[in-house]
Amino acid sequence: MKCQVLIDWLTFSVKEKDPNKVIKTYLGLDPALFQDTGFTQFMGYSKVQRFSDILVCSDGREDDNFHNMGVCVSMSGNGCRTFETMSKLTLDLKDKQGTQSVAFPALFQLLASDADANVSRIDIACDDRAGHLDMDAILTKTQTNEVNSRMTKRSTVISFDGTQRNGATAYLGAASSSFRVRIYDKALEQGEDGHWVRVELVMRSKNANAFVQNMTSSESLFKIF
C-alpha cells in the first residue's frame, strides 16, 4: 500500500503588485472570497487578505533593505487543501488513472515560467497509515546517532500530558537549513487512534525553487501527484 503524498505548505512571491491579479492568475480563485485581516505589518507587508488558510500579502516595504516586493502568497496545510479543491487553474495533463491534474501542477508551471517568481518555502508530506514506519524506532535511532544522512544536525522532541505521551518528533537538519526532514506521530498530534506517521520534507530558497522547476515535467508530476 502506497503512502499518501501531498503539498502541505507553500510560500511564493511574484513581482505583480495587484493582489487581485495574483489571486486570479496564480491561484485561480475569486478575489471576492478574500477578506482583509487588518494586519498592518506581516512579513514586511502592510496589507494581508485571507481566505481559509491562504494569505495574500501586498503593499510591501520600501527602504534600503526591501524593494519591489510584489505580492506574497502563503498557504498552510488547510490552505493547500482549499486551493486544490477550489482553484480553477487547469493543465492539459492526465495522471495514470486518467483524472486531470489541476491546481499545484498548473501553479508550478506558472511559477517556473516566471523569471521573477520566487518560492521561499514548500513542504512535502508523506502520510504512513499502514504501519510501515515505526515511530519509536525512528526516535531511538535518531537519539543514538544511527541515522545515515548528510545532515549532521539531528534532534528529537517528546512531549507529555501528565504521564501520557502526546507528541513525538524527529528532526534531521537544522531549523535554518534550506532542507530539513521532520518525522512525527500525526495520530498523537491529532488525538486519533491508530497508526499515522507523517514525514515532511521542508525546502526553502534554492531547494524550494529547484523542486518547483523539476516538478514542471510531466514525468516528475506523475511521481508525486
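**Exercise 1. Find the partners of strand S4 and decide whether S4 is enclosed or open.**

Let's start with the hairpin side. Strand S3 (residues 45–51) runs antiparallel to S4, with 6 bridges between the two. Keep in mind as you work that this is a predicted model.

Step 1: look at the turn. Between S3 and S4 there are 2 residues, which makes the pair a hairpin, and serine 52 in that turn has a positive phi of about 55°.

Step 2: pick out a bridge beside the turn residues. Phenylalanine 51 has isoleucine 54 of S4 as its bridge partner.

Step 3: move to another neighbour. S4 also pairs with strand S5 (residues 71–75), antiparallel again, over 4 bridges. One of the matches here sets leucine 55 against serine 74 in S5.

Step 4: check burial. Buried means under 20% relative accessible area. By that cut-off, 5 of the 7 residues of S4 (residues 54–60) are buried, so the strand is largely enclosed by the rest of the structure.

**Exercise 2. Which strands pair with S10, and over how many bridges?**

Step 1: take S6 (residues 118–128). S6 and S10 are antiparallel partners, joined by 8 bridges. Within S10, valine 197 is the residue that aspartate 128 stands opposite.

Step 2: now turn to S9 (residues 179–185). S9 and S10 run antiparallel too, and 7 bridges join them. Follow arginine 180 across and you arrive at its bridge partner in S10, valine 202.

Step 3: finish with the surroundings of S10 itself. Spanning residues 197–204, S10 is mostly covered, with 6 of its 8 residues buried.

Definitions and conventions:
Residues numbered from 1 in each chain as written. Predicted model: local features only at pLDDT ≥ 70, side-chain atom pairs only at ≥ 80, totals over all residues. Heavy atoms only, no water. Buried < 20%, exposed > 50% of the residue type's maximum accessible area, 1.4 Å probe, protein only. Pairing = 2+ DSSP bridges.
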